[in-house]
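Dear colleague,

I am handing over the structure below, and I would be grateful if you could keep it open beside this message while you read the notes that follow.

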Amino acid sequence: MDDNGLHYVQYHSSKESTYLAAIRQLISNDLSEPYSIYVYRYFLYQWGDLCFLALDKEENMLGVIISKLEPHRGGPLRGYIAMLAVRKQHRGKGIATKLVRMALDIMIERDAEEIALETEVTNIAAMKLYERLGFLRSKRLHRYYLNGNSAYRFVLFVKESAFTSRLGYEDDEEEADPSQPEPPPSA
């Protein structure tokens, strides 16, 4: 338990009957997207160990983060934060920060090269949180959400290789051998 009487647990499928309804309720109250049960199961069945819950002394859920980790378009191993929600009356207490750090830590431990997410352009608190944690805004996604709101995509480059490959500075050029003469310029 932390100073606020909270404890943080990793989701486990054996607790689905205990946690799934509370996760759905918390997220549906706080996020603008209506997610079906299948979306939750998609994440929780495959990457439940990348999902964390903040619980109070009575085991009431105060916060949740749902994430995944997989290769991105045949390229780098990319972590993805799909959902983050904290009950309104418990915001500003560091719960979201702790949940995000827990998810980041395990994704980085498992060799994620980058971690991405989207958040509504109107969600100033979330944008500040992610920027404090080192995420960069990578693009604006117009009318991204079903409610018509736009989003920003944020990316945290964990390894330099992920960052430089995005900029086109691949490291696959061979180093020039200083003992060899320079090749003549091509015509």
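Is D111 buried, partly exposed or exposed? With a relative accessible area of 44%, D111 is partly exposed, where buried means under 20% relative accessible area, exposed means over 50%, and partly exposed lies in between, using a 1.4 Å probe and protein chains only.

Before going on, please note that this is a predicted model, in which local features need pLDDT of at least 70, side-chain atom pairs count only at pLDDT 80 or more, and totals for chains, interfaces and linings use all residues. Residues are numbered from 1 along each chain as its sequence is written, and side-chain values use heavy atoms, with hydrogens and water left out.

Counting as a salt bridge any side-chain nitrogen of Lys or Arg within 4 Å of a carboxyl oxygen of Asp or Glu, the model has eight salt bridges.

In one of them, D111 pairs with K159, their closest N and O atoms lying 2.9 Å apart. K159 sits in the loop between β7 (151–157) and α5 (160–167) and D111 in the loop between α3 and β5, so this salt bridge ties together parts that are 48 residues apart in sequence; helices here are DSSP runs of H or I with at least four residues, and strands are runs of E with at least two, numbered from the N terminus. K159 is partly exposed, at 29%.

Another salt bridge joins R41 and E16, at 3.5 Å from N to O. R41 belongs to helix α2 (residues 37–47) and E16 to helix α1 (residues 16–30), 25 residues apart. E16 is buried at 18% relative accessibility, whereas R41 is partly exposed at 29%.

With best wishes
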